[in-house]
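Colleague: Please take me through one part of this model in detail. I would like the place where the two copies meet, and what surrounds it.

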Number of protein chains: 2
Amino acid sequence: MNIITISREFGSGGRELGKRLADLLGYDYYDREILSAIAKAKGMDEEYVEKAMENGFWRSVPLSFRHSFAGPAMLATPQVELLLEEKRVLEQIAAKGRDFVIVGRNADVYLGEYSPFQLFVCAPEEAKLSRCRERAPEGEKLSDKELLQNVRRIDKNRARTREIITGSKWGDRANYHAIINTGDWCIKELVPSVAEMAKAFFGRSK
Amino acid sequence: MNIITISREFGSGGRELGKRLADLLGYDYYDREILSAIAKAKGMDEEYVEKAMENGFWRSVPLSFRHSFAGPAMLATPQVELLLEEKRVLEQIAAKGRDFVIVGRNADVYLGEYSPFQLFVCAPEEAKLSRCRERAPEGEKLSDKELLQNVRRIDKNRARTREIITGSKWGDRANYHAIINTGDWCIKELVPSVAEMAKAFFGRSK
């Protein structure tokens with residue numbers, strides 16, 4: 001089973017890259033489905049779960065979280081429950097034994113034992129703002145400054161959550177097989193070579 | 001003209017990747033030739049130039065260096081002279097108009113106006129140590145600790161020199177089109193997909 005995990009800066013096009021990669025390779029694709037599954041398992045609203053796992057989420061996760069997968073010694077806060085459910089959902093997907101691409105959800109960490117191809121996708125802030133503008137819900141009227149604050153806040157949240165779960169740094173080149181900066185090219189044109197790279201990784205002799 | 005610049009952590013295999021990439025694409029390849037050309041132009045010994053540009057080199061480059069390409073206002077220290085010669089040599093190579101791969105020598109910065117495909121290559125410290133061991137001159141007897149100190153010292157020098165020249169961070173994902181971590185696979189198996197990525201970059205419509 002081949003797994004590609006995509007971590008990404010908000011607005012960098014990581015989701016588009018992941019979707020196109022899955023289509024090209026004929027892999028399953030997971031993204032928001034994970035949130036739905038967590039919400040369903042917990043009997044919560046999907047949007048509530050999404051909000052709960054953003055914006056300062058990490059502040060309520062005890063620092064002991066990453067040492068506690070093995071034992072019951074961890075404080076069972078609602079935030080910890082959500083992270084554990086996230087892990088369970090990811091493991092259920094892996095248990096299917098089918099190749100897949102997954103975007104976000106700390107999958108590179110939770111699924112580490114399956115030796116996934118770990119990608120990180122980034123872009124310059126200008127490119128991220130313009131992507132966010134293109135994809136904003138109709139009627140959303142944020143100034144550039146507000147939008148930029150949003151982008152930075154979401155990335156900060158992702159970074160802190162990852163650090164608490166793993167103790168290692170989000171977006172650090174040491175933690176991924178490849179980092180792709182989408183700023184200077186079209187994702188559509190870039191994807192075939194990323195697919196080749198993933199195939200080389202899964203077929204590696206080392 | 002297509003230019004691929006490869007910046008790399010010491011021992012990460014960036015040079016091997018660059019050489020194989022050039023062979024596969026049929027591009028010219030530059031690496032130590034730059035040092036020889038600088039040495040020749042300055043009437044210095046190549047080994048002397050190499051040593052002079054390593055190890056604490058950046059300490060003697062004035063912080064004003066990156067603002068001073070345009071004017072004569074810069075202090076002409078021997079170190080500045082070497083950097084300017086480096087820039088001249090790179091421009092002479094680019095003036096040939098032939099596609100090429102170049103490893104190191106701040107080429108991503110100096111040749112920025114040619115829109116090169118900018119790669120950064122890294123690896124875990126363990127992999128770098130083992131690569132250094134394999135390639136050490138016969139009779140070199142460094143302990144793991146000494147070797148690790150060497151690796152870190154050289155990378156620190158590269159990082160500081162780049163920061164002084166450009167004001168931007170060495171190895172930071174914002175400054176490259178792609179970062180490849182060679183730790184988990186063979187460079188030989190990885191290279192064809194990197195070549196595909198470079199081709200996608202040079203053929204991009206954006």
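**Around the rotation axis**

Modeller: B:I179 comes closest to the rotation axis of all residues of chain B, with its C-alpha at 2.4 Å. The model is predicted: local features need pLDDT of at least 70, side-chain atom pairs count only at pLDDT 80 or more, and totals for chains, interfaces and linings use all residues. Residues are numbered from 1 along each chain as its sequence is written, chains are lettered from A and ligands numbered from 1 in the order written, and side-chain values use heavy atoms, leaving out hydrogens and water.

Start with the symmetry. Chain B superposes on chain A by a rotation of 180 degrees with 0.0 Å of shift along the axis, at an RMSD of 0.0 Å. The fit is by least squares on C-alpha atoms of residues with pLDDT of at least 70 in both copies. This is the relation of a two-fold axis. Both copies use the same surface: 100% of the contact residues of chain B recur in chain A. Contact here means heavy atoms within 4.5 Å.

Now the strands. β5(A) and β5(B) pair in the antiparallel sense, over 3 bridges. Strands (E, at least two residues) and helices (H or I, at least four) are DSSP runs numbered from the N terminus, and two strands pair if DSSP finds at least two bridges between them. A:I180 stands opposite B:A178 in β5(B). The pairing sits within an open sheet of 10 strands, ordered β2(A)-β3(A)-β1(A)-β4(A)-β5(A)-β5(B)-β4(B)-β1(B)-β3(B)-β2(B), with mixed pairing. The edges are β2 (28-30) of chain A and β2 (28-30) of chain B, each pairing on one side only. From one strand to the next, the twist averages 20 degrees.

On its other side, β5(B) meets its own chain. Strand β4 (residues 117-122) of chain B runs parallel to β5 (residues 178-181) of chain B, and 4 bridges join them. B:F120 stands opposite B:I179, and B:V121 stands opposite B:I180.

Both faces of β5(B) are covered. B:A178 and B:I180 on one side are buried, as are B:I179 and B:N181 on the other. Buried means under 20% relative accessible area, exposed over 50%, and partly exposed in between, with a 1.4 Å probe and protein chains only.

Helix α8 (residues 187-202) of chain B packs on the sheet. The helix touches β5 (178-181) of chain A, together with β1 (3-8), β4 and β5 of chain B. Its direction makes about 155 degrees with that of β4(B). Axes are lines fitted to C-alpha atoms, for helices over the stretch in contact, and angles run from 0 to 180 degrees between N-to-C directions.

One residue of the neighbouring strand deserves a look. B:Q118 lies in strand β4 of chain B. B:Q118 is buried, at a relative accessible area of 15%. Its side chain reaches the backbone oxygen of B:D108 at 3.2 Å. That is a polar contact (N or O atoms within 3.5 Å; within protein, one able to donate a hydrogen and the other to accept it; residues adjacent in sequence count only if both atoms are side-chain atoms). Leaving out residues up to four places away in sequence, B:Q118 touches B:T5, B:D108, B:N175, B:Y176, B:H177 and B:A178.
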